[in-house]
Amino acid sequence: MQRLRPLNEQECYLRCYGWVGGDDAVKVVRPGDDAPEATAVLTERIRRAFEARLDEREPEAA
């Protein structure tokens, strides 16, 4: 199949990845960018969720 015109770089990227960017773009967060309290709270929430999932598991047969 022959194309009627060559694609530019943006069109090729869109065709391969189907995404241009925008509001849903990935944000890079570097250490020290957010408040340490926010990180500590998030860490605690993750730890509690992990412990809850462990508690929900059935005991393993020995």
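This is a short talk on the helices, cysteines, aromatic rings and salt bridges of one chain.

Before going further I should say that what we are looking at is a predicted model, and that everything that follows is computed from it. The chain contains 2 helices and 0 strands, and of its 62 residues, buried ones make up 0%. Its accessible surface comes to about 6700 Å², with 55% of that belonging to carbon and sulfur atoms.

Let me start with helix α1, which covers residues 9-17. This helix is hardly covered, since the count of buried residues among its 9 residues is 0. At its N-terminal end, N8 acts as the cap, with a side-chain oxygen placed 3.1 Å from the backbone nitrogen of Q10. Just after the helix, G18 takes a positive phi of about 65°.

Within α1 there are two tyrosines to look at, Y13 and Y17, which are 4 residues apart, about one turn of the helix. As a general point, an α-helix has 3.6 residues a turn, so residues three or four places apart point the same way. The count of aromatic pairs comes to 1. The ring centres of Y13 and Y17 are 4.6 Å apart, and because their planes stand at 45°, the pair is classed as tilted, given that stacked would need planes under 30 degrees apart and edge-to-face would need over 60. As for their surroundings, Y13 is partly exposed, at a relative accessible area of 38%, whereas Y17 is exposed, at 59%.

For those of us who handle cysteines at the bench, how many disulfides does a search of the whole structure find? The search finds 0. The sulfur of C12 has its closest cysteine sulfur in C16, but at 6.6 Å that is too far for a bond, the cut-off for a disulfide being within 2.5 Å. Seen from the other side, C16 is in no disulfide either, and its nearest cysteine sulfur is that of C12. C12 is partly exposed, with a relative accessible area of 33%, while C16 counts as exposed at 62%.

That brings me to the charged side chains, where the structure holds 4 salt bridges. One of them joins R5 and E11, with a nitrogen to oxygen distance of 2.9 Å. Here R5 is partly exposed, at a relative accessible area of 47%, and E11 also counts as partly exposed, at 25%.

In helix α2, which covers residues 36-56, we find the side chains of E44 and R48 meeting in a salt bridge at 3.0 Å, N to O. These two are 4 residues apart, and so are separated by about one helical turn. E44 counts as partly exposed at 28% relative accessibility, and R48 counts as exposed at 55%.

The side chains of R47 and E51 also meet in a salt bridge, in this case at 2.7 Å, N to O, and they too lie in α2 with their positions 4 residues apart, about one helical turn. R47 is partly exposed, with a relative accessible area of 37%, and E51 counts as partly exposed, likewise at 37%.

Finally, which residues are linked in a network of salt bridges? They are E44, R47, R48 and E51, so the two pairs I have just described in α2 should be viewed together when you turn to the structure.

Methods. Residues are numbered from 1 along each chain as its sequence is written. This is a predicted model: local features need pLDDT of at least 70, side-chain atom pairs count only at pLDDT 80 or more; totals for chains, interfaces and linings use all residues. Side-chain values use heavy atoms; hydrogens and water are left out. Rings of Phe, Tyr and Trp (its six-membered ring) pair if their centres lie within 6.5 Å; planes under 30 degrees apart count as stacked, over 60 as edge-to-face and the rest as tilted. Buried means under 20% relative accessible area, exposed over 50%, partly exposed in between (1.4 Å probe, protein chains only). Accessible areas come from the Shrake-Rupley method with a 1.4 Å probe; for residues, only the protein chains shown count as cover. A polar contact is a pair of N or O atoms within 3.5 Å; within protein, one must be able to donate a hydrogen and the other to accept it, and residues adjacent in sequence count only if both atoms are side-chain atoms.
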